[in-house]
Amino acid sequence: MQIVIWVLQGLLAAVFIFAGYGKLAGSKMHKENFIKWELPQWFRVLTGIIELGSAIMLIVGFWNDMWAVYGSIALILVSIGGIFTHIRIRDSWRATMPIFSLGVIALLLFFLIIYSVG
C-alpha cells in the first residue's frame, strides 16, 4: 500500500510543480487560459503559489504523512475550483478531464493515507 501512496504522491507533486511553475512564470498558455476563463492574472499567480505549495507538502509527506494529507486536501480544493471554472464557461469534457483526473487522484491519495495511518 505504501508504494502506491508514494507513486501517487510523486505523480501529483511532479504535475503540480510544473503547473504551478508555469503559472508563476507567466507562460503564454497559462496567461491565455486565465483570460479565456475570465479570471484575473493575479489569480493565476495565486493558483501557481498554491499548486507549488501543495507539491512541496506532498514531497515533505514522504517523511511525514500529515504533510501529504494537507497537500492532497489543497489539491482537491484546487481541482474543485478548476472543475467549476470549466463548467462555468461551458468548456468541453475533454478540456475538463485533466483537472478532474488530478482531483480524483488527489482524493484517492487522501483516503489511502488516512486509511494507512488510521
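Me: In the lining of the largest pocket, how many residues are nonpolar, polar and charged?
Reply: The model is a predicted one, and its largest pocket has a volume of about 640 Å³. Lining this pocket are 27 residues, of which Lys-23, Trp-37, Glu-51, His-86 and Ile-99 are the closest to its centre. By class, the lining divides into 16 nonpolar, seven polar and four charged residues.

Me: Which helix supplies the largest share of the lining of the largest pocket?
Reply: At least two lining residues come from each of α1, α2, α3, α4 and α5. The largest share amounts to six residues, and the helix that supplies it is α4.

Me: Which element gives the largest share of the largest nonpolar core?
Reply: This core has 20 residues, and those with the most contacts inside it include Leu-12, Phe-16, Leu-109 and Ile-113. Two or more core residues are given by each of α1, α3, α4 and α5. The largest share is seven residues, and it comes from α5.

Me: Which residues of α1 does Leu-109 touch?
Reply: Residues up to four places away in sequence are not counted here, and the contacts of Leu-109 include Leu-58 and Ser-72. Helix α1 covers residues 2-25. The contacts of Leu-109 that fall in that range are Ile-5, Leu-8, Gln-9 and Leu-12.

Me: What span does α1 reach from its first C-alpha to its last?
Reply: Helix α1 has 24 residues, and at 1.5 Å a residue a span of 34 Å is expected. After α1 comes Gly-26, with a positive phi near 75°. The span reached by α1 is close to the expected one, at 34 Å.

Conventions:
Residues are numbered from 1 along each chain as its sequence is written. This is a predicted model: local features need pLDDT of at least 70, side-chain atom pairs count only at pLDDT 80 or more; totals for chains, interfaces and linings use all residues. Side-chain values use heavy atoms; hydrogens and water are left out. Helices (H or I, at least four residues) and strands (E, at least two) are DSSP runs, numbered from the N terminus. The expected span of a helix is 1.5 Å times one less than its number of residues. On a 1 Å grid over the protein atoms alone, a cavity is a set of points where a 1.4 Å probe fits but cannot get out, and a pocket is an open set with protein on both sides within 12 Å along at least five of seven lines; lining residues have an atom within 4 Å of a point. Grid points are joined across faces, edges and corners, and a volume is the space filled by probe spheres set on the points. Ala, Val, Leu, Ile, Met, Phe, Trp, Tyr, Cys and Pro count as nonpolar, Asp, Glu, Lys and Arg as charged, and the others, Gly among them, as polar. A nonpolar core is a set of buried Ala, Val, Leu, Ile, Met, Phe, Trp, Tyr and Cys residues joined through side-chain atoms within 4.5 Å. Buried means under 20% relative accessible area, exposed over 50%, partly exposed in between (1.4 Å probe, protein chains only). Contact means heavy atoms within 4.5 Å.
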